[in-house]
Amino acid sequence: MDIRFQAGGPSRWKADVALSFVFEGEKAEQTCPELAERAPWLGIAPAWRDFRGRKGEMTMFYGPGAMEISRVLGVGLGKGDKLDMTAFRHAVGSALHRCREYDLETVGVDGTSLARVAARLGVDFAFLVRETVLSAFLGLYRYERWLSKKSEHADPRWLAFLLEGEFVEDAVRTSARMAEAEAAGITLARDAVNDPANVMTPSVFAEKAREVASRYGMAFRVLGPEELAAEGMAAYLAVAQGSAEAPRMAVVEYTPAGAEGRAPVILVGKGLCFDSGGISLKPAKGMEDMKGDMSGAAAVLGVMEALGRLDASHAPARPVVGIMACTENMPGGHATRPGDIVVAKNGKSIEIVNTDAEGRLVLADALAWAQEHYRPFRMLDIATLTGACAVALGLGTAGVFSGDDVFAGELCTAGEKLGERSWRLPLWTATSLEALKSPCADMVNSGPREGGAIHAAVFLQQFIREGVTWAHIDMAAADMGESPINAKGATGFGVRTLLSVVLSAGRMLQ
Ligand code: BES
Ligand code: MN
Ligand code: ZN
């Protein structure tokens with residue numbers, strides 16, 4: 001679907017359908033007077049008699065087929081003072097579903113009604129354009145790869161903003177492009193997560209990463225079992241060794257022009273293409289969801305895809321390194337046994353008391369590797385790490401851990417604004433280290449259930465060097481979802497937050 005603008009006022013507007021956002025209790029003539037200039041039939045359309053503009057309500061108004069705009073889809077938003085951004089995003093997603101269901105090829109968005117929504121929400125018009133574009137794409141997203149009977153309805157060809165002014169402001173165009181890049185990144189992440197583990201293996205994921213890198217001229221390398229062994233990454237390999245699929249750590253490096261030699265932002269994603277638990281096998285119920293245990297790595301690759309799509313003038317001012325630590329956790333004959341001891345890349349020994357606490361083992365070595373090969377300006381890992389985080393914060397929300405108040409705040413604020421909710425949790429280092437004590441190694445890999453998300457974060461912290469600004473995002477409760485902008489399955493959570501951090505890190509050149 002293309003994104004377009006029809007500037008110059010009502011006389012220039014033309015589309016199969018125009019979406020107009022309506023607050024509850026408004027009169028038809030208050031709602032969209034400009035649109036009614038182009039669609040004069042709108043004021044007397046009989047369907048207004050029953051349309052209330054309630055939240056979730058949608059009504060199609062019809063005029064004579066020969067008019068430039070002969071359909072208007074009234075999208076109810078409920079009471080203006082109750083509206084929030086999530087409800088608006090859902091309304092856009094639902095509206096696009098309707099357009100597709102009716103096989104409407106070209107969709108206009110009534111810019112004046114959009115401006116009223118922006119004022120109500122207290123956001124810039126340009127930002128609301130970004131949210132509209134992204135919600136439209138996310139609403140249309142579907143995963144049909146394996147359905148023998150695919151949907152008969154194609155996506156609309158284009159979506160155009162119907163604007164009053166003679167020109168389209170730069171900020172508005174830029175916002176729309178940003179949303180297109182974000183949509184591409186999220187779509188890629190969702191596809192990778194929705195793909196089953198027999199298809200999206202570590203090797204296939206790494207090839208996907210290679211494709212992204214080569215599409216945008218980014219540097220790429222991949223470490224297989226031999227390279228991981230040569231690098232001393234025994235904790236990572238301990239997870240991989242029970243599987244018939246070889247591990248792959250994919251590294252995509254994006255250095256925008258002018259950013260050469262600057263300290264990079266490093267993103268590390270947990271890429272467990274399947275987590276059976278290993279010998280500490282998980283229960284059968286819901287185990288299929290563990291194909292999504294590579295959601296962190298998928299988010300990182302989604303960010304690289306989005307970066308590749310942004311044009312040079314919006315490139316980050318620092319290099320970005322995306323590290324995707326992929327493997328499976330399987331209970332094969334070579335699998336790690338509970339009680340096995342390994343020495344991680346940074347020299348710390350770990351007694352693996354629970355093979356299902358595998359994500360931290362993989363990330364520990366990936367984080368240590370990153371700091372040996374780069375001098376990070378910021379380092380961030382994202383992982384479906386602990387069920388405990390889901391218990392603590394509820395479904396849909398991620399936990400943020402960082403010793404740096406500013407960085408933690410920046411992540412939570414960005415997430416709030418962008419529809420990826422996260423909440424800071426503490427790094428109680430001394431307490432968790434006590435809980436992770438081993439009689440025969442430096443640490444065990446799994447502590448008590450109580451506070452499990454914190455223990456996992458503190459475990460990772462043991463692999464961060466002094467002076468490195470680091471944050472950890474536990475997205476175990478945010479990888480899967482269902483809403484009008486999320487076909488049941490992968491969410492693509494993290495792409496927007498990470499992208500925003502990467503782009504703002506450039507403004508902190510030092
Ligand atoms: N991948 C899981 C965490 C997870 C659970 C993600 C549910 C998404 C949904 C992780 O590897 C895991 O198994 N964690 C264990 C840790 C425990 C053994 C300390 C958990 O949370 O139970
Ligand atoms: Mn596990
Ligand atoms: Zn896992």
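This report walks through the metal site, the bound ligand, the cores and a few individual residues of a predicted model.

## The zinc ion

Let's start with the metals. The zinc ion (ligand 3) is held by Lys270 through NZ, by Asp275 and Asp293 through OD atoms, and by Glu358 through OE, with distances of 2.0 to 2.4 Å. Its 6 donor atoms make angles of 78 to 172 degrees, and the site is octahedral. For comparison, the ideal angles for six octahedral donors are 90 or 180 degrees.

If you want to find the donor residues in the sequence, look for the spacing K-x4-D-x17-D-x64-E. Lys270 sits in strand β9 (residues 265-275), while Glu358 is in the loop between β12 (349-352) and α11 (359-373), so this pair ties together parts that are 88 residues apart in sequence. Lys270 is buried, with a relative accessible area of 2%, and Glu358 is buried too, at 1%.

## The manganese ion

Next door is the manganese ion (ligand 2): Asp275 bridges it and the zinc ion (ligand 3), and the two metals lie 3.2 Å apart. Coordination of the manganese ion (ligand 2) comes from Asp275 (OD), Asp356 (O), Asp356 (OD) and Glu358 (OE), at 2.1 to 2.2 Å. Note that Asp356 shows up with both an O and an OD atom in that set.

Why is this site called irregular? The 6 donor atoms around the manganese ion (ligand 2) subtend angles of 71 to 166 degrees, which makes the arrangement irregular. To count as octahedral, six donors need opposite pairs over 155 degrees apart and all other angles between 65 and 115. The donor residues of the manganese ion (ligand 2) follow the spacing D-x80-D-x1-E. Here too distant parts of the chain are linked, with Asp275 in strand β9 and Glu358 in the loop between β12 and α11, 83 residues apart. Both Asp275 and Glu358 are buried.

## Ligand 1

Which residues come nearest to ligand 1? Out of 15 residues around it, they are Lys282, Asp293, Asp356, Glu358 and Gly387. Some of these names are familiar from the metal sites: Asp293 is a donor to the zinc ion (ligand 3), and Asp356 is a donor to the manganese ion (ligand 2).

As for polar contacts, a side-chain N or O atom of Asp356 is 2.8 Å from an oxygen atom of ligand 1. Glu358 also places a polar side-chain atom 2.8 Å from an oxygen atom of ligand 1. Thr384 uses its backbone instead, with an N or O atom 3.3 Å from a nitrogen atom of ligand 1.

## The nonpolar cores

The largest nonpolar core has 103 residues, and Phe88, Phe205, Leu307 and Met324 have the most contacts inside it. Helix α6 (residues 170-194) supplies the largest share of this core, 11 residues. There is also a second, separate core of 49 residues, with Val239, Val251, Ile323 and Ala344 among its members.

Leu307 is a good place to zoom in. Setting aside neighbours within four places in sequence, Leu307 is in contact with Met218, Tyr254, Pro316, Val320, Leu499, Val502 and Leu503.

## A buried arginine

Arg496 lies in helix α16 (residues 495-505) and counts as buried, at 3% relative accessibility. Not counting residues up to four places away in sequence, Arg496 touches Arg89, Arg130, Glu131, Leu134, Glu182, Ile186, Leu418 and Glu420. With Leu418 there is a polar contact as well: a polar side-chain atom of Arg496 is 3.0 Å from the backbone oxygen of Leu418.

## Helix α4 and two loop residues

Helix α4 (residues 111-121) has Gly111, Thr112, Ser113, Leu114, Val117, Ala118 and Leu121 as its buried residues. Right after α4 comes Gly122, with a positive phi near 70 degrees. Asp103 has a positive phi as well, about 55 degrees, although it is not a glycine. You'll find Asp103 in the loop between α3 (85-101) and β5 (106-110), where it is partly exposed, with a relative accessible area of 45%.

Met67 is in the loop between β3 (58-62) and β4 (71-76), and counts as partly exposed at 28% relative accessibility. Leaving out neighbours within four places in sequence, Met67 is in contact with Arg38, Pro40 and Trp41. From Met67 to Asp474 it is 52 Å, C-alpha to C-alpha, and 407 residues in sequence.

Note on methods. Residues are numbered from 1 along each chain as its sequence is written. Chains are lettered from A and ligands numbered from 1 in the order in which they are written. This is a predicted model: local features need pLDDT of at least 70, side-chain atom pairs count only at pLDDT 80 or more; totals for chains, interfaces and linings use all residues. Side-chain values use heavy atoms; hydrogens and water are left out. A nonpolar core is a set of buried Ala, Val, Leu, Ile, Met, Phe, Trp, Tyr and Cys residues joined through side-chain atoms within 4.5 Å. Buried means under 20% relative accessible area, exposed over 50%, partly exposed in between (1.4 Å probe, protein chains only). Helices (H or I, at least four residues) and strands (E, at least two) are DSSP runs, numbered from the N terminus. Contact means heavy atoms within 4.5 Å. Donors are N, O and S atoms within 2.8 Å of the metal (3.2 Å for Na, K and Ca); water is not among the atoms, so sites may look incomplete. Four donors count as tetrahedral if all angles lie between 85 and 135 degrees; four count as square planar and six as octahedral if opposite donors are over 155 degrees apart and all others between 65 and 115; anything else is irregular. A polar contact is a pair of N or O atoms within 3.5 Å; within protein, one must be able to donate a hydrogen and the other to accept it, and residues adjacent in sequence count only if both atoms are side-chain atoms. A residue is near a molecule or strand if one of its heavy atoms lies within 4 Å of it.
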